[in-house]
Protein chains: 2
Amino acid sequence: MSYSKKIQGILKKNHIVPGCKIRVGEKEGLLMPKASGDGDVVVLKLKSGYNIGVRSLDIEKLAEPARRINAKKVEYDPAKPKVSVIVTGGTISSKVDYNTGGVTALLDPNEIVGQIPELKEIINIHKVVVPFTRMSESFDYKDWQVLAKEVEKRLKAGDAGVIITQGTDILHYTAAALSFMLPNVGKPVVVVGSQRSTDRGSSDGAMNLICASHLIAQAKSLEIRGVGTCMHGGMSDDYCYFIRGTKVRKLHTSRRDAFKSVNAKPIARISLSGKIDVYQKDDFEFGIRADTKFEPKVALIKPIPGADPDIINYYVKKGYRGIIIEAFGLGQVASDQWVKDKKMSWTSVIRKVSKKVPVFFAAQTVYGRLNPNVYSEAREAQAAGAVFLEDMLSEVAVIKLGWVLGHTKEMEKVKEMMVTNLAGEITERSEI
Amino acid sequence: MSYSKKIQGILKKNHIVPGCKIRVGEKEGLLMPKASGDGDVVVLKLKSGYNIGVRSLDIEKLAEPARRINAKKVEYDPAKPKVSVIVTGGTISSKVDYNTGGVTALLDPNEIVGQIPELKEIINIHKVVVPFTRMSESFDYKDWQVLAKEVEKRLKAGDAGVIITQGTDILHYTAAALSFMLPNVGKPVVVVGSQRSTDRGSSDGAMNLICASHLIAQAKSLEIRGVGTCMHGGMSDDYCYFIRGTKVRKLHTSRRDAFKSVNAKPIARISLSGKIDVYQKDDFEFGIRADTKFEPKVALIKPIPGADPDIINYYVKKGYRGIIIEAFGLGQVASDQWVKDKKMSWTSVIRKVSKKVPVFFAAQTVYGRLNPNVYSEAREAQAAGAVFLEDMLSEVAVIKLGWVLGHTKEMEKVKEMMVTNLAGEITERSEI
């Protein structure tokens with residue numbers, strides 16, 4: 001704890017420990033442990049779940065900590081499917097320890113089951129693997145490589161499925177990366193996070209884990225496999241969606257149902273009680289194999305109106321091997337036809353660079369499919385070398401491009417692989 | 001027409017003109033005029049509305065062109081509100097002229113009303129202004145300046161409101177730009193587009209214009225004003241939403257209801273019959289004044305996991321005066337706390353540049369509000385100088401930044417204006 005001596009003195013005198021309900025000045029909330037910052041500012045977790053800092057010495061104890069959590073011994077039930085949990089950090093794998101006042105990670109199977117006793121009625125969490133712990137916004141491709149290899153190891157050892165817990169910030173990018181790094185994986189690989197921390201009444205982590213467990217327990221009989229996310233499907237606490245790793249996007253900063261299946265139905269709907277409705281089935285050959293080669297020199301560019309296309313040259317000069325552009329509408333950018341200053345024409349720059357660095361278009365609109373055949377500006381961009389990626393999410397496109405370039409640098413092969421559906425990232429056209 | 005002589009010969013022999021229903025090889029559709037490309041490829045508009053090219057000499061006429069459109073004389077009805085239409089190009093203001101085979105713009109009040117006779121029952125379109133015509137993806141801030149000044153002129157001349165038609169690609173950017181360039185404008189300024197071209201049965205242009213007309217006709221009595229978009233509200237053809245120009249985002253490539261009100265309710269729902277439900281009212285002082293100063297050297301950066309923050313340095317070196325970053329989650333980027341290689345820490349780069357170039361965070365998730373108080377990584381970014389823009393859309397943020405920097409370069413003033421609600425771009429926090 002790094003509260004100032006003055007604050008520590010007041011807390012001690014009043015028998016206040018982290019987790020106690022207290023009043024500081026005019027604010028009421030739970031005392032939070034202080035990890036950094038000004039030691040005279042008391043951090044409170046408000047009823048809304050958010051933390052605020054209050055600078056005041058007027059501190060009053062209102063109630064003792066609400067709960068103490070004890071890890072329970074878990075018994076192995078051979079009738080239930082064996083599951084490993086790979087823990088990487090993030091909101092879901094942390095809890096506030098009200099005894100010590102620190103934030104600790106849930107790194108032990110017994111502790112996870114102690115927190116969420118429902119899990120042991122569904123699966124055997126026989127192993128918790130912690131390859132690294134980090135907040136997800138600082139992940140990169142090397143972390144995904146570690147995860148893919150760990151999943152391969154666990155599934156080859158006979159697990160019915162693997163649950164990966166991580167921070168939600170880039171959970172959808174991880175799901176996309178693992179979708180390509182575990183080609184056609186024949187068992188469920190479920191990426192799970194929590195939008196709200198585990199000490200909040202509205203925390204979603206427990207339900208997301210319970211639904212993921214149901215999914216793995218029933219996956220074989222329901223023929224569900226592949227990489228996907230398992231997060232709240234709606235505002236209420238009664239079901240999750242298992243969304244394909246290449247079709248999922250985080251679309252809200254804080255809502256528990258922030259993860260949406262874009263341009264495709266979720267694979268399945270899993271109710272908290274264990275009822276599963278399957279919306280999509282895959283019909284390809286399955287295996288267990290990590291294929292993690294990845295070229296990190298890939299860029300995602302989101303133009304705004306009037307933006308200078310020189311940004312493309314910047315990436316080419318820096319040695320980038322492939323570029324995704326979030327084009328406007330059905331696949332348009334500022335074009336030779338309309339821009340007087342040719343230096344400001346995106347198609348003009350694309351025409352020059354696309355001979356050595358492949359350039360792809362994905363939709364800036366998030367939803368929908370690109371179509372080069374409606375407007376001549378899009379055809380101009382296509383003629384200049386831009387390859388249209390159908391209904392692929394731009395975030396998925398840039399991850400896929402890294403994976404494809406990890407396997408080949410041959411221009412035509414790269415383009416061909418990018419427009420070939422490898423992991424459900426391109427869905428069939430519903431109309432021509 | 002630039003069809004090859006061979007194709008032109010076959011068309012002539014069979015009395016086929018653009019607009020005729022024909023069969024080419026195995027495909028059926030309407031013959032389209034050919035503006036460019038391979039003259040041996042016949043362009044057909046399919047029933048779905050999309051164009052394809054077919055290389056075949058096997059051409060058969062199936063039916064004459066479906067319709068001929070004649071402009072009608074419009075009479076001035078002094079009982080109806082006077083409205084100007086500013087036409088800038090895009091799908092909504094073009095029609096295929098089946099007589100000449102060319103694509104022509106609707107540049108005449110009589111012609112617009114001739115196409116959509118319902119309009120004259122609602123308003124007097126007494127003037128059509130065509131400052132320029134261009135597909136919208138090639139717009140820049142200078143176009144918005146022209147539009148804002150034109151709107152000012154029309155409203156000062158006594159118009160009840162102005163309709164601006166443009167391509168839908170960047171319609172939401174235009175609506176945002178005009179929201180700032182026409183501060184607190186006291187009459188409705190309605191930006192309208194069409195997702196589907198006017199020769200398609202599913203074209204949305206007519207209904208969008210009719211609803212915009214209803215809105216302007218009733219605006220005074222309903223106390224509706226300000227800049228917004230008027231586009232389909234749902235899948236059916238019975239209502240539009242008038243969405244605030246600073247809260248609208250295009251979220252689908254092709255659907256007619258692609259424009260969504262993000263983090264706020266639409267201002268109003270307008271049924272095709274003219275019934276209007278108002279959801280939001282403004283309580284500020286109104287005026288008519290174009291204030292178009294704009295600094296174009298502003299950048300929008302969308303990081304992906306593992307992205308190199310050197311992109312920030314690139315923009316600073318190029319003389320950019322302000323930067324918007326689409327941060328992950330509640331406002332996180334790869335941080336000093338977690339990234340081993342400090343060159344890859346975004347907060348580290350932000351710390352250096354934010355002293356001379358202001359850096360702002362908006363949400364990569366599209367929906368939701370940033371919050372620097374939940375995670376220490378966000379607080380680290382904030383301490384490094386990143387200014388959090390609440391629930392402001394990133395696209396709106398970068399336009400606002402250009403407008404603010406057009407008025408002041410003084411760092412603290414820029415930051416203060418960016419976090420101040422100027423045109424409804426920041427909505428009140430629903431919970432703390």
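Me: Starting with a definition: a residue is exposed if 12 or fewer other C-beta atoms lie within 10 Å of its own, and buried if 20 or more do. Is H15(B) buried or exposed?

Reply: H15(B) has 9 other C-beta atoms within 10 Å, so it is exposed. Keep in mind that this is a predicted model.

Me: Where does H15(B) lie?

Reply: In a loop of chain B, between helix 1 (5-13) and strand 1 (21-24). Its phi is near 55°. That is a positive value in a residue other than glycine.

Me: What about V366(A), what is its phi?

Reply: V366(A) has a positive phi too, of about 70°, and is not a glycine. Its loop runs between strand 20 (359-363) and helix 8 (376-383) of chain A.

Me: And is V366(A) buried or exposed?

Reply: V366(A) counts 21 other C-beta atoms within 10 Å, so it is buried.

Me: New topic. How many helices and strands are in chain A?

Reply: Chain A has 10 helices and 21 strands. Its radius of gyration is 24 Å, close to the 22 Å that the globule rule gives for 432 residues, so chain A is as compact as a globular protein of that length.

Me: What does the C-alpha trace span along its principal axes?

Reply: About 75 × 55 × 35 Å for chain A. Buried residues make up 54% of the 432 residues in that chain. Take the contacts in chain A with a separation of 6 or more: 71% of them come from residues 24 or more positions apart.

Me: Which strands form the open sheet of 5 strands in chain A?

Reply: The order is 4-3-2-1-5, and the pairing is antiparallel. Strand 4 (51-55) and strand 5 (59-63) of chain A stand at the edges with a single partner strand each, so one side of each has no neighbour in the sheet. On average, neighbouring strands here are turned by 45° against each other, direction ignored.

Me: How many bridges join strand 1 to strand 2 of chain A?

Reply: 4 bridges join strand 1 (residues 21-24) to strand 2 (residues 27-31) of chain A, and the two run antiparallel. In one pairing, V24(A) has K27(A) as its bridge partner.

Me: How many residues of strand 19 of chain A are buried?

Reply: 6 of its 6 residues, 322-327, are buried. Both faces are covered. G322(A), I324(A) and E326(A) are on one side, with I323(A), I325(A) and A327(A) on the other.

Me: What joins strand 18 to strand 19 in chain A?

Reply: 4 bridges, and strand 18 (residues 298-301) runs parallel to strand 19 of chain A. I301(A) stands opposite I325(A) there.

Me: Over to chain B. What is the order of its open sheet of 8 strands?

Reply: It goes 9-6-10-11-12-13-16-17, with mixed pairing. Strand 9 (124-129) and strand 17 (276-278) of chain B are the edges, each with a single partner strand, so one side of each is left without a neighbour in the sheet. The average turn between neighbouring strands is 25°, direction ignored.

Me: Which helix packs on the sheet, touching strand 11 and strand 12 of chain B?

Reply: Helix 4 of chain B does. Its direction makes about 160° with that of strand 12 (226-232) of chain B. Helix 5 (residues 205-222) of chain B packs on the sheet as well, touching several strands, including strand 6 (82-87) and strand 10 (161-165). Helix 5 makes about 170° with strand 11 of chain B.

Me: Where does L182(B) lie?

Reply: In the loop between helix 4 (171-181) and strand 11 (188-192) of chain B. L182(B) is buried, with 28 other C-beta atoms within 10 Å. Among the residues it touches are A148(B), V189(B) and A290(B).

Me: Last topic. What rotation superposes chain B on chain A?

Reply: One of 180°, with 0.1 Å of shift along its axis and an RMSD of 0.1 Å. The two copies are thus related as by a two-fold rotation axis. In chain B, K302(B) has the C-alpha nearest the axis, 3.3 Å from it.

Me: How many residues of chain B are in contact with chain A?

Reply: 58 residues of chain B are in contact with 58 of chain A. Strand 4 (51-54), helix 8 (376-383) and helix 9 (394-407) of chain B each give two or more residues to that side. By class, the side has 30 nonpolar, 17 polar and 11 charged residues.

Me: Why do the copies meet through the same surface?

Reply: Because 100% of the interface residues of chain B are also interface residues in chain A.

Key: Residues numbered from 1 in each chain as written. Chains lettered and ligands numbered in written order. Predicted model: local features only at pLDDT ≥ 70, side-chain atom pairs only at ≥ 80, totals over all residues. Least-squares fit on C-alpha atoms with pLDDT ≥ 70 in both. Contact = placed C-beta atoms within 7 Å. Nonpolar A, V, L, I, M, F, W, Y, C, P; charged D, E, K, R; others polar. Pairing = 2+ DSSP bridges. Axes fitted to C-alpha atoms, helices over the stretch in contact; angles between N-to-C directions. Rg over C-alpha atoms; globule rule 2.2 N^0.38 Å. Lists of a residue's contacts leave out its neighbours within four places in sequence.
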